[in-house]
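Reader: Hello! Could you take me on a close look at the pockets of this model, and at what surrounds them?

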Amino acid sequence: KGIHNAIIIAKRTGHKLIIVGPIRDQRYFNSLRKYIDNKTIMYVGEVDEKVKRGLLCRAKALLFPVEQEEYFGLNIVEAMACGTPVLAFPRGAVPEIVSHGKTGFLGGNIEELISYLRSVDNLDPNLIRSYVDKHFSSDVMAKKYCIYYRRLLEGS
């Protein structure tokens, strides 16, 4: 999901990058292994919810520079629920999840994401959390599903 782009951003800005999650493509991961130094670029693998929440809450930002169309990035919502801004390419559903300039920034390329990284400290973590409550809480999502299912059943 764009880990190679996140590594470029981290290296060019001097920020620490923690990569979390399972390896789904061993060949891709092997191509990235040479950059993982366990000091500035770290891969921690799969983690439980408590560890993931701790990492997200302490992060400067969640980097999501995915190059493929993403249907729904749950990790984006999880980060924002922790008050952590998201820096992402505007692919798939990402622009529907991230409110540019409020909950993070959408950039068309690595250079734009690097420039936005300087601005994430200006975003209000409380506003980011309330945005998630307003748009992605379980109650809100359930109501939206009911609306969409009703429309499907009614044929509209």
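Author: Happy to; here is the chain as a whole, then the pockets, and then one helix and one residue.

This is a predicted model, so a note on the ground rules: local features need pLDDT of at least 70, side-chain atom pairs count only at pLDDT 80 or more, and totals for chains, interfaces and linings use all residues. Residues are numbered from 1 along each chain as its sequence is written, and side-chain values use heavy atoms, with hydrogens and water left out.

The chain has 8 helices and 5 strands, where helices (H or I, at least four residues) and strands (E, at least two) are DSSP runs numbered from the N terminus. Along the sequence they follow the pattern α-β-α-β-α-β-α-β-α-β-α-α-α. With a radius of gyration of 17 Å, close to the 15 Å that the globule rule gives for 156 residues, the chain is as compact as a globular protein of that length. That radius is taken over C-alpha atoms, and the rule is 2.2 Å times the number of residues to the power 0.38. The C-alpha trace spans about 55 × 35 × 30 Å along its principal axes.

Now to the pockets. On a 1 Å grid over the protein atoms alone, a pocket is an open set of points where a 1.4 Å probe fits, with protein on both sides within 12 Å along at least five of seven lines; lining residues have an atom within 4 Å of a point. Grid points are joined across faces, edges and corners, and a volume is the space filled by probe spheres set on the points.

The largest pocket holds about 1,500 Å³ of space. It is lined by 48 residues, and Ile18, Ile19, Val20, Leu62 and Asn75 are the closest to its centre. Two or more lining residues come from each of helix 1 (3-13), strand 1 (17-20), helix 2 (26-32), strand 2 (41-45), helix 3, strand 3 and helix 4. Helix 1 gives the largest share, 7 residues. By class, the lining has 27 nonpolar, 10 polar and 11 charged residues; Ala, Val, Leu, Ile, Met, Phe, Trp, Tyr, Cys and Pro count as nonpolar, Asp, Glu, Lys and Arg as charged, and the others, Gly among them, as polar.

The second largest pocket has a volume of about 320 Å³. Among its lining residues are Tyr71, Phe72, Tyr131, His135 and Tyr148. Helix 5, helix 7 and helix 8 (138-154) each give two or more residues to this lining, and the largest share, 4 residues, is from helix 8. Its classes are 9 nonpolar, 1 polar and 2 charged.

Helix 4 (residues 74-81) deserves a visit too. Ile76, Val77, Ala79 and Met80 are buried there, meaning under 20% relative accessible area (1.4 Å probe, protein chains only). They lie on the same side of helix 4, because they cover an arc of only 160° around the axis, taken from the directions from the helix axis to the C-beta atoms. Their cover includes helix 3 (49-58), strand 3 (62-64), strand 4 (86-88), helix 5 (94-97) and helix 7 (125-136). Just after helix 4, Gly83 takes a positive phi of about 85°.

Finally, back in helix 1 is Ile9, which counts as buried at 1% relative accessibility. Leaving out residues up to four places away in sequence, Ile9 touches Leu63, Ile110, Leu113, Ile114 and Leu117, a contact being heavy atoms within 4.5 Å.

Conventions:
Buried < 20%, exposed > 50% of the residue type's maximum accessible area, 1.4 Å probe, protein only.
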